Amino acid sequence: PVSFDRRFPKTGGGEDVDFCIRSQQHFGKCVAVPGACVLHPYWDSPLKQISGWADGDVLCLETLPLSTFRATPNWIEIA
């Protein structure tokens, strides 16, 4: 079975990418569930969330060195 890696911060960031890649490796695919709902109870502070998200993305790059990540600029990069 595949579960979320607890090394990722609870604020989010990278854990979803890591989960999907490992699911794909284990099961051969990763599927979207349009009716799914995710609750992020740790988003009580925007700065804490952004900091945790950045930490998680760095961890994702470290744990998945053979993967390529592409993202458009976010609001903090274009502000």
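The following paragraphs describe the fold, the helices, the charged pairs and the cysteines of this predicted model.

The overall picture is a helical one. The protein contains 3 helices and 0 strands, and from the N terminus on its elements run α-α-α. Confidence in the prediction averages a pLDDT of 77, with 78% of the residues scoring at least 70. This confidence is unevenly spread over the elements: helix 1, spanning residues 15–27, has the highest mean pLDDT at 86, whereas helix 3, covering residues 75–78, has the lowest at 58. A reader planning to look closely at the model may like to keep those two values in mind.

Of the 79 residues of the protein, 22% count as buried. The accessible surface comes to about 6,500 Å², and carbon and sulfur atoms account for 61% of that area. Turning to the contacts between residues at least 6 apart in sequence, 63% of them join residues at least 24 apart.

Helix 1 offers a good place to begin a closer tour. Its 13 residues reach 18 Å from the first C-alpha to the last, close to the 18 Å expected at 1.5 Å a residue. Four residues of helix 1 are buried, namely E15, D18, I21 and S23, and helix 2 is included in what covers them. Just after helix 1 comes G28, which takes a positive phi of about 90 degrees.

Helix 2 runs over residues 46–63 and holds W53. With a relative accessibility of 36%, W53 counts as partly exposed. The C-alpha atom of W53 is separated by 9.3 Å from that of E15, although the two residues are 38 apart along the chain. E15 is itself one of the buried residues of helix 1.

Charged side chains come next. Side chains of opposite charge can pair when their charged atoms come close. The structure holds 2 salt bridges. In one of them, D18 pairs with R22, and the closest N and O atoms are 2.9 Å apart. Both partners lie in helix 1, 4 residues from each other, or about one turn of the helix. An α-helix has 3.6 residues a turn, so residues three or four places apart point the same way. The two partners fall into separate exposure classes: D18 is buried, with a relative accessible area of 3%, while R22 counts as partly exposed at 25%.

The other salt bridge joins D5 to R7, with 2.6 Å between the closest N and O atoms. Here again the acidic partner is the buried one, D5 having a relative accessible area of 18%, whereas R7 is exposed at 57%.

Finally, the cysteines deserve a word. The structure holds 0 disulfides, and the case of C30 shows how the geometry leads there. The closest cysteine sulfur to that of C30 belongs to C20 and lies 3.3 Å away, which is too far for a bond because a disulfide requires the two sulfur atoms to be within 2.5 Å. C30 is also partly exposed, with a relative accessible area of 37%. C37, in turn, counts as exposed, its relative accessibility being 75%.

Methods
Residues numbered from 1 in each chain as written. Predicted model: local features only at pLDDT ≥ 70, side-chain atom pairs only at ≥ 80, totals over all residues. Heavy atoms only, no water. Buried < 20%, exposed > 50% of the residue type's maximum accessible area, 1.4 Å probe, protein only. pLDDT = per-residue confidence, 0-100. Contact = heavy atoms within 4.5 Å. Areas by Shrake-Rupley, 256 points an atom, 1.4 Å probe, with all protein chains shown as cover. Expected span 1.5 Å × (residues − 1). Salt bridge = Lys/Arg side-chain N within 4 Å of Asp/Glu carboxyl O.
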